[in-house]
Amino acid sequence: MPIIIEGLSFYYGEGTPFETKAIDNVSMEIKNGDFVGIIGHTGSGKSTLIQHFNGLILPQKGTVLIDGQNIKDKNLKLKKIRQKVGLVFQYPEYQLFEETVYKDVAYGPINLDLNPEEVKQRVKNALELVGFDYEMIKDKSPFDLSGGQKRRVAIAGVLAMKPDYLVLDEPTAGLDPAGRNEILDNIRKLHENKMTIVLVSHSMEDIARLVKYVYVMYQGKIHMQGTPKEVYSHSEELKRIGLGVPQVVDLLTALNKNGLMISSEALTVEEATNAILHGIRGGLNA
Amino acid sequence: MLKNLTIGQHYPVDSVIHDLDPRVKIMITMFYIVSLFLINQFLAYILVVAFLGLIIGLSKVPIKMVIRGIRPILVIIAITFFINLLMTPGEIIYELGPFNITREGIRQAGFMAIRLVLLIIGTSMLTLTTSPILLTDGIESLLNPFKKIGLPAHELAMMMTIALRFIPTLMEETEKIMKAQKARGADFESGNLIRRAKSLVPLLVPLFVSAFRRADELAMAMEARCYRGGDHRTRMRALRIIKIDYMAMMIASIYFATVIASRVYF
């Protein structure tokens, strides 16, 4: 069952002089097994939008259906929705609070009133999913870990709820390249394990490498959508709204302009290398 | 819940009241508070309401914003009201179990409630129309004469500036952490008192951690810019008393004189 969003609008400070429109008539559908990206400039409404996915914000206008259930339904237990849709906030390491990694990851499952055996199993699984050695890490204080490790513990804290959908808000922000690759690798593996993933980012490279379908947000609206290839083919438009395209796309476009015949479909460095090699060889043969 | 705390919330519009020198506004507010405690009859409150109405009218702050400031202290007002109502000795008009409601009690309770409401509205007008920075500038300048007896005026003002500056930041942070924990199934709203207090741990620990981190970073940033306290510091905006300030002082004096007169002659 999918997440279906229809005609969703949200205003901050409704009825005060500070009223601002955060999202404006947004509709989207996230199917099971999807890997969806949401990109947009700071303040384009991405974060507000994803907080609707698990009922942290209830819609002011429009509907949000999670597996067919309207999150505005009075009889609905929001805890259930929050278990189903795991939301990892920006800089999630700032939510860590327990003395040990084990206790912190167990916080979610305990809130779900699971029995201790099940909690332990879930904590172990979650920590292993983000690439930790369970025995090594479980008794450490989360405050002693490195930035990237803290973030993975925080993500494990959400994974331990066993969500069907995982929504991540800028999961790689502020990490060094190694930490970033670790996190992205984890996310890719989670998707391979059939988890539905929504990745919010303004790193065009991350989106290009992982995601199957992209929504571009601009001033609270969905400005463009499509596969990464489709979206990145409008590089001028993306630049106009303050976003970029992956550097390799820029490179290929420039090469093309200067007369080298290269298919500009490539989105990652590997694909670009092949395309350029192909182009040069083709040029020589002709 | 966190959003309707008006105290310390500046409402930025362009008005005569906003343009007044903060020192003048602070002094007028102090005299206003004193005047509230001088009043000993209901009728004189009309004067206060008129004065306050004039200020609110001139300030262009919507009345809704002003009223909103009372909401967080409604409980305190209610408690004061009932304690005064039930504990004042005098001519008994109604007996309620162990308590007596007296004529004096009703009068006293009404008096106190009105006084508190006017007190809060009056002082929140100061913070609504004055930006925190100007406010602390004003306080610092008013405290300057006390430097001679060893009062660290600049340091106090700086501490206040920083505290005020971080209120919204910490509130935002609280909301963010709250949401993050809710996403992990936290429940801050239900359960008995102990359960609820316990549920605050996942909120307070990260909040303290981040407050200390911020304090550390701020201290470092200030030192990196050679901050060494108040000696020989000059200001980008020096405070100056101009014509409208004199006019405001005049109006306030007339108001204050009338209040004193009402106490002496009626």
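Here are three short exercises on this predicted model, each with a worked solution.

**Exercise 1.** Work out which strands stand at the edges of the open six-stranded sheet in chain A, and what that leaves them without.

Solution. Start with the strand order, which is β6-β7-β8-β3-β9-β10 in chain A, with mixed pairing. Now look at the two ends: β6 (85–88) and β10 (221–226) of chain A each have a single partner strand, so one side of each has no neighbour in the sheet. As for twist, neighbouring strands here are turned by 15° against each other on average, direction ignored.

Next, zoom in on one pair. Strands β7 (residues 165–169) and β8 (residues 196–201) of chain A run parallel and are joined by five bridges. In one of them, A:Y165 has A:T196 of β8(A) as its partner.

**Exercise 2.** Find which strands helix α7 of chain A lies across, and its angle to β8(A).

Solution. Take residues 177–192 of chain A, which form this helix. Helix α7(A) lies across β3 (35–40), β7 and β8 of chain A. Its direction is about 150° to β8(A).

**Exercise 3.** Check how the span of helix α7 in chain B fits expectation, then find its buried residues and what covers them.

Solution. Count first: residues 132–143 of chain B give twelve residues. From first C-alpha to last, α7(B) reaches 16 Å, close to the 16 Å expected at 1.5 Å a residue. Then pick out the buried residues in α7(B): B:L135, B:T136, B:D137, B:G138 and B:E140. Finally, their cover includes α2 (22–38), α6 (103–129) and α8 (153–183) of chain B.

Note on methods: Residues numbered from 1 in each chain as written. Chains lettered and ligands numbered in written order. Predicted model: local features only at pLDDT ≥ 70, side-chain atom pairs only at ≥ 80, totals over all residues. Pairing = 2+ DSSP bridges. Helix = DSSP H or I, 4+ residues; strand = E, 2+ residues; numbered from the N terminus. Axes fitted to C-alpha atoms, helices over the stretch in contact; angles between N-to-C directions. Contact = placed C-beta atoms within 7 Å. Expected span 1.5 Å × (residues − 1). Buried ≥ 20, exposed ≤ 12 C-beta atoms within 10 Å, placed from the backbone.
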